[in-house]
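Colleague: Hi, have you got a few minutes to go through this model with me? I'd like to talk about pockets, rings and strands.

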Amino acid sequence: MTNVARNALIGAWKLVSFVERDTHTGIETYPMGTQPEGIIMYTPDGYMSAQFCPPGRRELAGNDPFTASEREYKDAAQTYFAYSGPFYLDESRGLLEHEMFVSFFPNWRGQRQVRTCRIEGDMLYLSPEDPVRFNGSMKIAHLAWQRVPPNI
């Protein structure tokens, strides 16, 4: 495992790949499509935020996000992940913990999820340390993020 320096993690990263591998069958899938959209940010004061989805999500019929149909809400919810909170990095082991202060998936709120973390050039690679249940089976997700330049 490569050592990861906290300062190297700070900033914004764009999602370029999200692949899940089923731990039983070995089958790989792309839950957010082959060209996912997303951003993850790490702040100098120890907070993070992640959001990701597949491209081409269907717009809601109206412009009021609180008056969509049940079907629209269901479709939107099944194609979006978001959570934010403090992060903790064990630099020597390359392990990163995301603590979910808020989460689109309410069951994750208050949890700390451990990620393996590797940085190579302008790429950040994250995976859960242990398999996670997604779409009915245990999987390991592999997410690749590319650093984005500062917007200042």
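Modeller: Sure, here is a short chat about the pocket, the cavity, the aromatic rings and one strand.

Colleague: What should I know before we start?

Modeller: This is a predicted model, so local features need pLDDT of at least 70, side-chain atom pairs count only at pLDDT 80 or more, and totals for chains, interfaces and linings use all residues. Residues are numbered from 1 along each chain as its sequence is written, and side-chain values use heavy atoms, with hydrogens and water left out.

Colleague: What volume does the largest pocket have?

Modeller: About 400 Å³. On a 1 Å grid over the protein atoms alone, a pocket is an open set of points with protein on both sides within 12 Å along at least five of seven lines, while a cavity is a set where a 1.4 Å probe fits but cannot get out. Volume is the space filled by probe spheres set on the points, which are joined across faces, edges and corners.

Colleague: And which residues lie nearest the centre of that pocket?

Modeller: Ala 77, Gln 78, Phe 81, Phe 134 and Asn 135, out of 17 lining residues; lining means having an atom within 4 Å of a point. β10 gives the most to this lining, with three residues. Strands here are DSSP E runs of at least two residues, numbered from the N terminus.

Colleague: Where does Asn 135 lie?

Modeller: In the loop between β10 (132–134) and β11 (137–147). Asn 135 has a positive phi of about 50° without being a glycine. Most residues other than glycine have a negative phi. Asn 135 is also exposed, with a relative accessible area of 69%; the cut-offs are over 50% for exposed, under 20% for buried and partly exposed in between, with a 1.4 Å probe and protein chains only.

Colleague: Switching topic, how many cavities of 30 Å³ or more are there?

Modeller: The count comes to one, with a volume of about 210 Å³. Its lining has 18 residues, and Phe 52, Tyr 83, Arg 115, Ala 141 and Leu 143 lie nearest the centre.

Colleague: How many aromatic pairs does the structure hold?

Modeller: It holds 10. Rings of Phe, Tyr and Trp (its six-membered ring) pair if their centres lie within 6.5 Å; planes under 30 degrees apart are stacked, over 60 edge-to-face and the rest tilted. Phe 52 and Phe 81 have ring centres 5.7 Å apart and planes at 15°, so they are stacked. That pair links distant parts of the chain, from β4 to β5, 29 residues apart.

Colleague: Is Phe 52 buried or exposed?

Modeller: Buried, at 7% relative accessibility. In another pair, Phe 105 and Trp 108 have centres 5.5 Å apart and planes at 90°, so that one is edge-to-face. Phe 105 is partly exposed at 36%, whereas Trp 108 is buried at 9%.

Colleague: Which strands does β8 pair with?

Modeller: β8 runs antiparallel to β6 (residues 95–99) over five bridges and antiparallel to β9 over six; strands pair if DSSP finds at least two bridges between them. In the hairpin of β8 and β9, Gly 121 takes a positive phi near 60°.

Colleague: What does Arg 112 do there?

Modeller: Arg 112 in β8 is the bridge partner of Glu 99, and Arg 112 also lies over the face of Tyr 88, 3.8 Å from the ring centre. For a charge over a ring, NZ of Lys or CZ of Arg must be within 6 Å of the ring centre and within 35 degrees of the ring normal.

Definitions and conventions:
Helices (H or I, at least four residues) and strands (E, at least two) are DSSP runs, numbered from the N terminus.
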